Amino acid sequence: MNKTMYIDPDHPDFIKLKRYAIAYGAVIDLDREDADIIVLSNRRTDNDKTVCADWLFESVKASKMVDKF
């Protein structure tokens, strides 16, 4: 993956998401603005780099970054 990722710390699966992201090569960024990918708790997207948690889970299953949904 080789991207920096901010994960919403209020997400109920925060620990699992963080573990998956690190296992697949992402670097966790604590600054939302500097991250390449922003994982939010809901499906709302603020911009092109914002995704929902389901995107991360689907990308891990596919072993590649899937299209944003």
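1. His 11 is a convenient place to enter this predicted model, since apart from residues up to four places away in sequence His 11 touches Leu 17, Leu 40, Ser 41 and Ala 53. His 11 lies in the loop between β1 and α1, and with a relative accessibility of 10% it counts as buried. A polar atom of the His 11 side chain is also found 2.8 Å from the backbone nitrogen of Asp 13.

2. Asp 8 should be read alongside His 11, for Asp 8 too has its place in the loop between β1 and α1. Which side chain of opposite charge is nearest to the buried Asp 8, and how far away is it? The answer is Arg 32, at 6.7 Å, and Asp 8 has no salt bridge although it is buried; the cut-off for a salt bridge is 4 Å between a side-chain nitrogen of Lys or Arg and a carboxyl oxygen of Asp or Glu. What the side chain of Asp 8 does reach is the backbone nitrogen of Asp 10, at 2.9 Å. With residues up to four places away in sequence set aside, Asp 8 touches Phe 14, Val 39, Leu 40 and Ser 41.

3. The largest nonpolar core has 14 residues, and those that touch the most other members are Met 5, Leu 17, Val 39, Trp 55 and Leu 56. At least two residues of this core come from each of β1, α1, β3, β4 and α2, and α2, with five residues, gives the most. Two residues met above make contact with members of this group: Leu 17 is touched by His 11, and Val 39 is touched by Asp 8.

4. Helix α2 spans residues 53-62, and its buried residues are Ala 53, Trp 55, Leu 56, Phe 57, Ser 59 and Val 60. The elements that cover these buried residues include β1 (4-7), α1 (14-23), β3 (37-40) and β4 (50-52). Ala 53 appears among the buried residues of α2 and is also one of the residues touched by His 11, a link between the loop that holds His 11 and this helix.

5. Aromatic pairing is limited to a count of one pair, and it is formed by Tyr 20 and Phe 57 in an edge-to-face arrangement, with 5.6 Å from centre to centre and 90° between the planes. Because Tyr 20 lies in helix α1 and Phe 57 in helix α2, the pair ties together parts that are 37 residues apart in sequence. The two partners should be described separately in terms of exposure: Tyr 20 is partly exposed, with a relative accessible area of 29%, whereas Phe 57 counts as buried at 17% relative accessibility.

6. Salt bridges likewise come to a count of one. The side chains that meet in it are those of Lys 61 and Glu 58, at 3.2 Å from N to O. Both residues lie in helix α2, three residues apart, which is about one turn of the helix. An α-helix has 3.6 residues a turn, so residues three or four places apart point the same way. Lys 61 counts as exposed at 65% relative accessibility, while Glu 58 is partly exposed, with a relative accessible area of 33%.

7. The backbone just after α2 deserves a remark of its own, as Ser 63 takes a positive phi of about 60° there. Most residues other than glycine have a negative phi. Ser 63 is a residue other than glycine with a positive value; its place is in the segment after α2, and at 59% relative accessibility it counts as exposed.

8. Two further residues help a new reader to set distances along the chain against distances in space. Val 27 has its place in strand β2 (residues 27-28), and, leaving aside its neighbours within four places in sequence, Val 27 is in contact with Lys 3, Thr 4 and Met 5. The C-alpha atom of Val 27 is separated by 16 Å from that of Thr 50, which is 23 residues away along the chain. Arg 19, in helix α1, counts as exposed at 55% relative accessibility. From C-alpha to C-alpha, Arg 19 and Met 5 are 12 Å apart in space, with their positions 14 residues apart in sequence.

Terms used. Residues are numbered from 1 along each chain as its sequence is written. This is a predicted model: local features need pLDDT of at least 70, side-chain atom pairs count only at pLDDT 80 or more; totals for chains, interfaces and linings use all residues. Side-chain values use heavy atoms; hydrogens and water are left out. Buried means under 20% relative accessible area, exposed over 50%, partly exposed in between (1.4 Å probe, protein chains only). Helices (H or I, at least four residues) and strands (E, at least two) are DSSP runs, numbered from the N terminus. Contact means heavy atoms within 4.5 Å. A nonpolar core is a set of buried Ala, Val, Leu, Ile, Met, Phe, Trp, Tyr and Cys residues joined through side-chain atoms within 4.5 Å. Rings of Phe, Tyr and Trp (its six-membered ring) pair if their centres lie within 6.5 Å; planes under 30 degrees apart count as stacked, over 60 as edge-to-face and the rest as tilted. Lys and Arg count as positive and Asp and Glu as negative; His and the chain ends are not counted. A polar contact is a pair of N or O atoms within 3.5 Å; within protein, one must be able to donate a hydrogen and the other to accept it, and residues adjacent in sequence count only if both atoms are side-chain atoms.
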